[in-house]
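Here is a short tour of one protein structure, written for someone new to reading them. Have a look at it first, and then we'll go through it piece by piece.

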Amino acid sequence: MDIGELEQKLAGLEQDAARALEAAASLEEWRTARARFLGKKGYIGALMGTLRSFEREQRAQVGQLLNAANRRVTELCAEHERRIKSSQAAADVAGAELFDPTLPGRRPRLGSVHPVTAVQWEIEQIFQRLGFTVETGPEMEFEYYNFEALNIPAMHPARDMQDTFWLKSGMLLRTHTSPVQIRAMKRFGAPLRVIAPGRCFRCETLDASHENTFHQVEGLMIDRGISVSHMIAVLHLLIREVFGRELKVRLRPGFFPFVEPGFELDMSCLLCEGKGCATCKRSGWIEVLPCGMVHPNVLRAGGIDPHEFTGFAFGLGLTRLAMMKYGIRDIRVLNLGDLRALVPPSRMSGPVIAESC
Ligand code: PHE
């Protein structure tokens, strides 16, 4: 071997060493790579052994070449040792289970909850994360809040859309949670972000999909410059969170006197993913949410200037949502007090198969 060949060999070895060290992801792999190149049994060590085979006057130069290569590979090793150690330290911190033995233990949740309550809690959490507060309103309501303030004057045909239980006092059982919109606007003014879950009543004939007592969640967001796109974004997120996966949404025109424009929001069918099945009546879509932009008259009734503020509102059918989520086919099961319909803590997000009555 002459000096030229040695130089070539060393250059090749340095390249190999760099590649092997770069590929090392753990200290163990790094040690193996280092041993292959450095140390007595490594490639460079083996070349050191060839020193004597060179002419006397060449040996000094050969020694320098070998030492320089040895130094460079040693430096490379140190560099990669630092890299591996610091990335391992970062991984250790990220994956460390922070265990504080002085913290009180976590109480297991006792008892089971009604499917409607389970979904209500879930929705409250989703909206609280978006900065909404949770409001409630009375179930026994004034005609003014249930109808008039919501742009439904006396004798308006829209009153017939909701068959009302009238009380002897002239008050009524609220037919929807929308009266809480007015109460919240009056109480807090604008900007405003509230949801209002609660029980509603309508004089309906009972069947598998109609109840005279059911739950809704009202939603209301008012601020400067709120538009339909804000509404779509919030409702899309709501559906994604409740069902735990991406579902498409679409808007159709819908009429409610307290919104303008008004919409019905549909989501792609859970069962057939939009292909069309018996549940979605072959349309691929399921109607879930009436919604719209708050009518200026409603803002005014709530004491808010419609020239300065706009907002959107929606009325989520909580009972229907709970039925969809937990696979309950008959709405009447929910008001029967049937313990089999309850959701145990372990199944808070899974389906509960309740038999129909
Ligand atoms: N309150 C309406 C109903 O019960 C639903 C709704 C709420 C529609 C808010 C639009 C906006 O039918």
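## Around the ligand

Let's start with the ligand: one of its nitrogen atoms sits 2.9 Å from an N or O atom in the side chain of His176. Keep in mind as you read that this is a predicted model. Ser178 joins in too, since a nitrogen atom of the ligand is 2.9 Å from an N or O atom in the side chain of Ser178. With Gln216 it's an oxygen atom of the ligand that takes part, again 2.9 Å from an N or O atom in the side chain.

How many residues are there around the ligand, and which come nearest? There are 15 of them, and the ones that come nearest are His176, Ser178, Arg202, Gln216 and Gly315.

## Helix H1 and its two partners

Now go to helix H1, which covers residues 3-23. One partner is helix H2, residues 27-37: the two pack at an angle of about 170°, and their axes are 9 Å apart. Angles over 145 degrees count as roughly antiparallel, so that's what we call H1 and H2. On the H1 side, the contact is made by Leu13, Asp16, Ala17, Ala20, Leu21 and Ala23, while H2 brings Glu29, Trp30, Ala33, Arg36 and Phe37. Sort the residues of this contact by class and you get 8 nonpolar, 3 charged and no polar ones.

The other partner is helix H4, residues 56-95, whose axis comes within 10 Å of the H1 axis and crosses it at roughly 5°. How do H1 and H4 run, roughly parallel or roughly antiparallel to each other? Angles under 35 degrees count as roughly parallel, so H1 and H4 are roughly parallel. Residues of H1 in this contact include Ile3, Leu6, Leu10 and Glu14, and among those of H4 are Val62, Leu65, Leu66, Arg72 and His80. Ala17 and Leu21 of H1 are also part of the contact with H4, and you've already met both of them in the contact with H2. By class, the contact of H1 with H4 has 13 nonpolar, 3 polar and 5 charged residues.

## From helix H7 to a cis bond

Helix H7 spans residues 179-188, and its buried residues are Pro179, Val180, Gln181, Ile182, Ala184 and Met185. Right after H7 comes Gly189, with a positive phi near 70°.

Keep going and you reach a cis peptide bond between Ala190 and Pro191, where omega is about -5°. Pro191 belongs to the loop between H7 and strand E4 (192-201). Why point this bond out? Because most peptide bonds are trans.

## A second cis bond, and a histidine

There's another cis peptide bond between Glu260 and Pro261, also with omega at about -5°. Pro261 is in strand E7, residues 259-268.

Glu260 turns up again among the contacts of His295. You'll find His295 in the loop between strand E8 (285-294) and helix H9 (296-301). Is His295 buried or exposed? Its relative accessible area is 16%, and buried means under 20%, so His295 counts as buried. Leaving aside neighbours within four places in sequence, His295 is in contact with Asn151, Pro257, Phe258, Val259 and Glu260. With Asn151 there is also a polar contact, side chain to side chain, at 3.4 Å.

## Two residues with positive phi

Which way does phi usually go? Most residues other than glycine have a negative phi, so the next two are worth a look. Met155 isn't a glycine, yet its phi is positive, about 75°. Met155 lies in the loop between helix H6 (143-146) and strand E3 (172-173). With a relative accessible area of 79%, Met155 is exposed, because the cut-off for that is over 50%.

Glu273 is the other one: not a glycine either, and with a positive phi of about 55°. Glu273 sits in the loop between E7 and E8. Its relative accessibility is 46%, so Glu273 counts as partly exposed.

## One more histidine

Finally, find His236 in helix H8, residues 228-243. His236 has a relative accessible area of 22%, so it is partly exposed. Not counting residues up to four places away in sequence, His236 touches Glu246, Leu247 and Val249. As for Leu251, it is 15 residues from His236 along the chain, and their C-alpha atoms are separated by 11 Å.

Technical notes:
Residues numbered from 1 in each chain as written. Predicted model: local features only at pLDDT ≥ 70, side-chain atom pairs only at ≥ 80, totals over all residues. Heavy atoms only, no water. Helix = DSSP H or I, 4+ residues; strand = E, 2+ residues; numbered from the N terminus. Buried < 20%, exposed > 50% of the residue type's maximum accessible area, 1.4 Å probe, protein only. Polar contact = N/O pair within 3.5 Å; in protein donor to acceptor, adjacent residues only side chain to side chain. Contact = heavy atoms within 4.5 Å. Axes fitted to C-alpha atoms, helices over the stretch in contact; angles between N-to-C directions. Parallel < 35°, antiparallel > 145°, perpendicular 65-115°, else oblique. Nonpolar A, V, L, I, M, F, W, Y, C, P; charged D, E, K, R; others polar. Near = heavy atom within 4 Å.
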